[in-house]
Every structure is written in structure tokens, then in C-alpha cells.
Amino acid sequence: MKRLLIILVLTPILFSCQPKKEKPSFTPPPSREKFTEPQPDFFESGVQTELAEERTDWQNPEIVIRSLGDLKNKTVADIGAGAGYFSFKLAREAAKVIALDIDPNALEYIEEQKQIVGDWAKNIEPRLTPPDVPNLLPDEVDLILIVNTFFFIPNKENYFHRLLLNLKEDGELVIVDFKSGSIPVGPTDEMKISEKEVRSVLRKAGFRSISMDDNSLKYQYIVKAKR
């Protein structure tokens with residue numbers, strides 16, 4: 001009986017001494033002012049962090065979005081979404097946006113911002129994905145957007161062949177990345193992939209109708225490919 005009483009007394013004490021598992025902290029980037037549309041401050045590759053306003057100056061997201069054409073009734077995959085810089089912009093145009101990233105904290109931030117901005121962003125689905133396999137279903141999306149992320153994708157030919165199968169029959173892939181040479185933004189040349197190399201990877205992966213645009217954006221090129 002005494003032994004039973006000792007166990008009953010010590011059990012809650014032992015449990016209270018166990019270290020608590022804390023939820024991973026995620027600190028959103030600083031903002032100069034309050035905003036109604038999320039303006040996350042992430043360079044998805046992790047190379048640098050900039051103020052969202054400064055990124056907008058050189059990224060020219062409105063040109064990128066306009067180049068995608070009519071997104072009404074379309075499902076768009078934003079690969080390397082980070083904290084949603086493009087995902088939220090796409091959400092205003094597309095029927096659904098799948099924000100794919102390898103960082104659960106970034107996706108948690110997207111979910112938090114969805115709650116803040118309200119119903120207009122409810123068509124964004126944050127989705128965790130491994131680095132080397134796109135977490136998409138066959139024929140799931142009409143368009144795939146990959147911005148500032150191409151260099152960091154491992155096994156590129158295999159990866160993009162998988163993406164080919166994730167696109168619907170008339171689907172399109174759009175890649176936006178940095179031009180080579182001395183420019184005031186972006187990573188070093190060692191971390192840049194030329195348009196020609198991107199085209200080569202896409203051809204080997206099975207894409208067709210590949211086009212390149214190095215005029216619309218000052219510091220970046222836009223490569224488009226069809227299934």
C-alpha cells in the first residue's frame with residue numbers, strides 16, 4: 001500500500017519534469033508598414049533576404065503575372081513558393097494556387113497570412129514537398145511557375161520529367177531566373193543557370209515548344225515550355 005502511494009505521488013512530478021516540445025518558431029520578415037496583401041521578405045533559395053518593396057522593384061512581379069496569360073479557372077503550382085511572394089499574387093488571378101516548398105515554417109507563414117487577409121486567399125493550398133520530387137498528382141495543374149529556384153533543384157532532368165506528367169495536356173511550365181553577368185541583384189554567377197542550359201534540361205525531360213524571353217525583365221529571363 002505504501003509503495004502504491006509513493007508511485008501515485010511521484011508520477012505527476014516525473015511528468016512535470018519532462019522537457020516540453022516547443023513548436024518551431026518562425027519569425028516573419030520585418031515590414032515597413034502594415035499591408036493587406038502579404039509581402040513576405042524571402043529570397044526562396046536562401047541566398048539573401050530583402051525588403052519586399054525592394055524585391056518588387058527588380059522582380060517586376062506584375063510583368064511575370066501578365067506573361068502567364070489568363071489564369072481564370074486554372075490551377076497553378078508555385079514551386080519554391082517560400083513565404084508566398086508570388087502565391088498571393090497568383091491567388092488573385094487563378095482558381096487555385098498550390099504553394100510548394102521544402103520548408104514547413106514558410107508554409108506555416110503562408111497559412112497564417114491567409115487567415116489575416118481573408119477569403120480572397122482561401123484558394124491557396126500550402127503543400128510540403130521534398131527537394132527532388134514535386135508533390136503533385138498526374139495532370140493536376142494547368143501551369144507551373146518556378147521563380148529563383150532552378151539552381152537548387154537536384155536531379156533536374158528527372159525532376160522536370162516528373163513535372164511534365166503533373167501538367168494537364170495543354171499545360172505550361174514557366175521558369176524565371178537571373179541573367180548571367182554583373183547585375184546588382186541575385187546570387188553570384190556560380191549559382192546562375194543560363195537560359196540555354198535551362199532549355200537543354202527541359203528538352204531532355206521531354207518538354208516541347210520552349211521559348212525564351214530575356215527582354216521583358218531587366219535582370220531575369222523567362223523560359224516557357226509546353227507539355
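## Exercises on strand β2 and its sheet

Five bridges link strand β1 (residues 75–79) to β2, and the two run parallel. Helices (H or I, at least four residues) and strands (E, at least two) are DSSP runs, numbered from the N terminus; two strands pair if DSSP finds at least two bridges between them. This is a predicted model: local features need pLDDT of at least 70, side-chain atom pairs count only at pLDDT 80 or more, and totals for chains, interfaces and linings use all residues. Residues are numbered from 1 along each chain as its sequence is written, and side-chain values use heavy atoms, with hydrogens and water left out.

**Exercise 1.** Find the partners of Val97 in β1 and β3.

*Solution.* Start with β1: Val76 stands opposite Val97. Turn to β3 (residues 124–128), which runs parallel to β2 and is joined to it by five bridges. There, Ile124 is the bridge partner of Val97. Further along, Asp101 stands opposite Leu128.

**Exercise 2.** Explain why β2 is largely enclosed.

*Solution.* Take residues 96–101 of β2. Five of these six are buried, so the rest of the structure largely encloses the strand. Buried means under 20% relative accessible area, exposed over 50%, partly exposed in between (1.4 Å probe, protein chains only).

**Exercise 3.** Place β2 in the sheet.

*Solution.* Read the strand order: β3-β2-β1-β4-β5-β7-β6. This is an open sheet of seven strands with mixed pairing. Its edge strands are β3 and β6 (208–213), each pairing on one side only.
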